Amino acid sequence: MNPVCFTITPALPRHLAKLQYISRRTFIEAFAKDNTPQNLIQYLQTAMSRKRLGSELANPNSQFYLALNKETAIGYLKLNWGNAQTEFSHPHWIEIERIYVLQKYYGTNLAPALLQTAINAAQQQNAACIWLGVWEKNSRAMRFYQKNGFLAFANHPFTLGQDVQNDVLMKLELAHSETTNHFKRK
Ligand SMILES: CC(C)(COP(=O)(O)OP(=O)(O)OC[C@H]1O[C@@H](n2cnc3c(N)ncnc32)[C@H](O)[C@@H]1OP(=O)(O)O)[C@@H](O)C(=O)NCCC(=O)NCCS
């Protein structure tokens with residue numbers, strides 16, 4: 001596939017509508033087939049309501065990034081540090097809570113660019129490692145992280161509607177050096 005053209009920009013409060021659109025659409029594309037409509041709707045209505053996303057956008061310990069093709073959102077990234085992390089609250093760790101791209105862009109340069117954005121942000125904050133939780137049934141995402149150097153180290157529960165699922169926790173230890181490109185596609 002030809003490389004996709006996009007820009008990655010930190011999301012601002014004025015991007016709330018775009019953020020909600022891309023959050024919901026990518027979540028449905030990825031997970032509707034493996035979850036009940038009730039659980040999916042409940043999750044979208046709570047975790048991806050305007051109110052919740054607006055408050056997360058305003059949290060100084062979180063940062064969303066939007067991938068824009070012209071003005072259209074085609075993917076996004078959410079980082080948490082400090083007490084915004086969903087586990088640990090480790091002062092020197094950064095969590096990738098979400099990397100989501102539209103299904104039509106799977107397998108392109110888009111997800112690697114979002115991951116590199118996360119790594120760059122973590123290095124700017126001198127973070128020791130980046131960690132994330134991924135659903136144990138999400139083999140594609142696990143393969144994506146694994147081929148980019150992440151290793152599984154624990155598990156934690158993730159509740160989707162009424163369904164308590166098992167997330168595999170993965171982390172990437174960061175080397176602090178002069179170079180900024182710390183992961184290579186294989
Ligand atoms: C996770 C995500 C960002 C990865 O981006 P991507 O463009 O799909 O990633 P890539 O294509 O570079 O890598 C996926 C790898 O999984 C492989 N793969 C595809 N389907 C697979 C499957 N069912 N089982 C195992 N591996 C699979 C691909 O072949 C590829 O590996 P390869 O490069 O060795 O061939 C993207 O798939 C996405 O947005 N998914 C939905 C949201 C999501 O799951 N986010 C992560 C939540 S933690």
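Reader: Which element gives the most to the shell around the ligand?

Author: Happy to start there, and keep in mind that this is a predicted model. Several elements, α1 (16–31), β4 (93–101), β5 (129–135) and α5 (139–147), each supply at least two residues of that shell. With six residues, the top contributor is α5.

Reader: How many residues surround the ligand, and of which class are most of them?

Author: The ligand has 17 residues around it, and the closest are Ala 30, Tyr 106, Ala 111, Ser 139 and Arg 143. Sorted by class, the shell has three charged residues, four polar ones and 10 that are nonpolar.

Reader: Is Phe 158 buried, exposed or partly exposed, and why?

Author: Phe 158 sits in strand β6, which covers residues 151–160. A residue needs 20 or more C-beta neighbours within 10 Å to be buried, and 12 or fewer to be exposed. Phe 158 has 16 such neighbours, so it counts as partly exposed.

Reader: Which residues does Phe 158 touch, leaving out those up to four places away in sequence?

Author: Here is a helpful hint: Val 134 is 24 residues from Phe 158 along the chain, yet their C-alpha atoms are separated by 9.2 Å. Beyond the sequence neighbours that we leave out, Phe 158 touches Gly 133, Trp 135, Gln 165 and Asp 167.

Reader: What is the radius of gyration of the protein?

Author: The protein has five helices and seven strands. For 186 residues the globule rule gives 16 Å, and the protein comes close to that, so it is as compact as a globular protein of that length. Its radius of gyration is 16 Å.

Notes. Residues are numbered from 1 along each chain as its sequence is written. This is a predicted model: local features need pLDDT of at least 70, side-chain atom pairs count only at pLDDT 80 or more; totals for chains, interfaces and linings use all residues. A residue is near a molecule or strand if its C-beta atom, placed from the backbone, lies within 6 Å of it. Helices (H or I, at least four residues) and strands (E, at least two) are DSSP runs, numbered from the N terminus. Ala, Val, Leu, Ile, Met, Phe, Trp, Tyr, Cys and Pro count as nonpolar, Asp, Glu, Lys and Arg as charged, and the others, Gly among them, as polar. Two residues are in contact if their C-beta atoms, placed from the backbone, lie within 7 Å. The radius of gyration is taken over C-alpha atoms; the globule rule is 2.2 Å times the number of residues to the power 0.38.
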